[in-house]
Amino acid sequence: GALRANESLRALATLTDERRATAQISAGELNLKLGKGDEARKVLDKVGARAPRELRLKSRLLVAKSFHDDGRWADAANAWHGVVQEKPDAAQLGLAWFRLGQAQSKLGHTTDASRAWEEAIGSGSPEVAQAASLHLAEIRATDPASDPALILARAALREVTDPAKYTNTLLPANQARELLERIVTGWANAGRFEHALALNDAVAVLGGQTVNKARRADLLEAEARHLRDMVGKPDLPAEETRNKARERFLEAATCHAAVADLLSDPDLQADQIWQAARLANDAEKPKETASYYTHFIRMGRRQERLGEAWYRLGEALREQDNKPASLQAYRNSINFITPYAYRARYRLAADAMARGDLDAASDALEQNIQLLRLEPDPEAQQMSLYALGSLLHQRRNWSMCVRRLEEALERYP
């Protein structure tokens, strides 16, 4: 076949150095197409120093690429270094530096990889410089300041205004996005939320707007919890830190609501509104909390959460001194068999006590206590026992008062 004819040609003693090198390269390319990497490299290595420079360079490039494709990283690194030493034109040189950086990175040689990618940025095409910048950003992400990585990532994406404008074949959009997301996650885990949020915003241009916005919500929530944990620490203004945590919780809630607008599945939309309500509650914003829980209830999805939703809506309305609406929310909550029905029943009993309707309050609290023995909810049980003890004290029912308060003290001293 073609290989046998090529071998016969190469055996001719009268071939010039140029024709011999051309035949050797053709044989190498044929073997590579057949998946015979070792045979190909054996032939390509015979392209000697007397061959024309462009043919010698082509053989080096083929050898380097074959090692790269086979995942033989140490051999690939040596081969790409050989290509660099041949001093090819700018386009080939930039690509060689980029591939050398990849091989060194695979070997765990981050310093050598960084040096190669820096060379690629300075000498390569815009595509090479973009891919090298993003890879280098991942290495620079371990810098305590985070700034070098952020600068590199922003520079790489400067001309990308929508996903269609990112066309890098060396680092496709999905791989670039995954690389940058790894940096974002690493920074968040290290508590470097400002940089994580900034880079997450930059990643949005690579597509996946829904996922990106959901990740922003998660980052904001993580920062809020971090800030809340810092309240009371020395040298930190407690109220300022607490307020910043509330702001971040509310921002996260807004992000989840925005994600809901981007989704088409009603159940998934409801999940996002649920998260928004939860975070608005963490932000201690009863008005926003009530709005989100009302939205969730009206969606009519996720039936298993409706009992809790009505209870939490009642709590948010109670904090706004909207007593009639809060009481109705509690009544709706007890229609669902959830632990929150007990807490809602306690709130209704407390209202009855405040109005002097001790019979209604006593009935509700006794019902709670009996049901809670079958399905304990510590918060509701504690409140119900102490409230019933207080009610029985008002009625001068001393024996039952002592019994309930002793039970309360035994369970919740």
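This passage describes the surroundings of leucine 180, the burial of helix 11 and the packing of helix 14 with helix 15 in a predicted model.

Leucine 180 lies in helix 10, which spans residues 173–189. Its relative accessible area is 0%, and the residue is therefore buried. Beyond residues up to four places away in sequence, leucine 180 is in contact with Leu134, Ala153, Leu157, Leu199, Val203 and Leu206. Valine 203, one of these contacts, is separated from leucine 180 by 23 residues in sequence, with a C-alpha to C-alpha distance of 6.8 Å.

Val203 also belongs to the buried residues of helix 11, together with Phe193, His195, Ala196, Leu197, Ala198, Leu199, Asn200 and Ala202. Helix 11 comprises residues 193–203, and 9 of its 11 residues are buried, so the helix is largely enclosed by the rest of the structure. The packing partners of these buried residues are helix 9 (147–156), helix 10 and helix 12 (209–230).

Helix 14 (residues 266–282) packs with helix 15 (residues 286–299) at an angle of about 160°, and the axes are 8 Å apart. An angle over 145 degrees counts as roughly antiparallel, and the two helices are therefore roughly antiparallel to each other. Their crossing is left-handed. On the side of helix 14, the contact is made by Pro266, Gln269, Ala270, Ile273, Trp274, Ala276, Ala277, Arg278, Ala280 and Asn281. Helix 15 contributes Glu288, Thr289, Tyr292, Tyr293, His295, Phe296 and Met299. By class, the contact of helix 14 with helix 15 has 11 nonpolar, 4 polar and 2 charged residues.

Methods. Residues are numbered from 1 along each chain as its sequence is written. This is a predicted model: local features need pLDDT of at least 70, side-chain atom pairs count only at pLDDT 80 or more; totals for chains, interfaces and linings use all residues. Side-chain values use heavy atoms; hydrogens and water are left out. Helices (H or I, at least four residues) and strands (E, at least two) are DSSP runs, numbered from the N terminus. Buried means under 20% relative accessible area, exposed over 50%, partly exposed in between (1.4 Å probe, protein chains only). Contact means heavy atoms within 4.5 Å. Axes are lines fitted to C-alpha atoms, for helices over the stretch in contact, and angles run from 0 to 180 degrees between N-to-C directions. Angles under 35 degrees count as roughly parallel, over 145 as roughly antiparallel, 65 to 115 as roughly perpendicular and the rest as oblique. A crossing is left-handed if the near helix is turned anticlockwise from the far one by less than a right angle, and right-handed if clockwise. Ala, Val, Leu, Ile, Met, Phe, Trp, Tyr, Cys and Pro count as nonpolar, Asp, Glu, Lys and Arg as charged, and the others, Gly among them, as polar.
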